[in-house]
Amino acid sequence: MTQSARDEFYTSVQWKALRASVLRSSKYQCQNCARYGRGRDATTVHHANPIEERPDLRTARWNLVALCDECHNAMHDRTTHKLTALGERWRARVSPPPSKAEKQLWE
């Protein structure tokens with residue numbers, strides 16, 4: 001996904017509505033902090049499978065996680081734009097299991 005397409009997506013009505021829905025359904029609480037009993041306000045919606053890698057999942061509800069800014073920054077290496085170990089753990093945590101067809105491709 002090009003930078004301009006990415007920017008266009010993040011300013012779209014569709015994304016704004018989806019983002020609001022994700023934040024609302026998490027009761028505006030950071031889902032990573034909540035795992036450790038900390039209550040912090042979620043201000044960002046994170047793509048567990050990054051939009052640069054999987055633009056086809058950009059609106060998949062299961063791929064979106066409400067996070068505080070601190071946790072969101074911890075999900076990404078801001079120099080390489082790759083997921084950190086924490087980001088990879090969230091990707092594994094929220095991604096659905098592979099389909100039978102996908103499993104067969106790996107075998």
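Here is a walk through this predicted model, from its overall layout to its cores and a loop with unusual backbone angles.

Let's start with the big picture. The protein has 107 residues, and its secondary structure amounts to six helices and two strands. If you read along the sequence, the order is α-α-α-β-β-α-α-α, so to speak a strand pair with helices written on both sides. About burial: 34% of the residues count as buried. The exposed surface comes to about 6,900 Å², and carbon and sulfur atoms supply 52% of that. As for how the chain meets itself, take the contacts between residues at least 6 apart in sequence: 59% of them join residues at least 24 apart.

Now for the strands. β1 covers residues 44–47 and runs antiparallel to β2, with four bridges joining the two. One pairing to look for is His47, which stands opposite Leu64 in β2. Strand β2 itself spans residues 64–67. Leu64 and Ala66 point one way from it, while Val65 and Leu67 point the other way, yet all four are buried.

What does Val65 touch, once residues up to four places away in sequence are set aside? Its partners are Val22, Gln31, Thr44, Val45, His46, Trp90 and Val94.

Val65 also belongs to the largest nonpolar core, a set of eleven residues. Alongside Val65, the members are Cys30, Cys33, Ala48, Leu67, Cys68, Cys71, Met75, Leu86, Trp90 and Val94. The elements that give two or more residues to this core are β2, α4 (69–75) and α5 (85–94), and α5 has the largest share, with three residues. Another core, of ten residues, lies apart from this one; Phe9, Leu18, Leu23 and Ile51 are among its members. That fits a broader pattern: in soluble globular proteins, nonpolar side chains tend to be buried together.

Finally, have a look at the loop between α2 (13–25) and α3 (31–34), where Lys27 sits. Tyr28 is in the loop between α2 and α3 too. Most residues other than glycine have a negative phi. Lys27, though not a glycine, has a positive phi of about 60°, and Tyr28, also not a glycine, has a positive phi of about 60° as well. Are these residues buried or exposed? Lys27 is exposed, at a relative accessible area of 65%, whereas Tyr28 counts as partly exposed, at 40% relative accessibility.

Definitions and conventions:
Residues are numbered from 1 along each chain as its sequence is written. This is a predicted model: local features need pLDDT of at least 70, side-chain atom pairs count only at pLDDT 80 or more; totals for chains, interfaces and linings use all residues. Side-chain values use heavy atoms; hydrogens and water are left out. Buried means under 20% relative accessible area, exposed over 50%, partly exposed in between (1.4 Å probe, protein chains only). Contact means heavy atoms within 4.5 Å. Accessible areas come from the Shrake-Rupley method with a 1.4 Å probe; for residues, only the protein chains shown count as cover. Two strands pair if DSSP finds at least two bridges between them. A nonpolar core is a set of buried Ala, Val, Leu, Ile, Met, Phe, Trp, Tyr and Cys residues joined through side-chain atoms within 4.5 Å.
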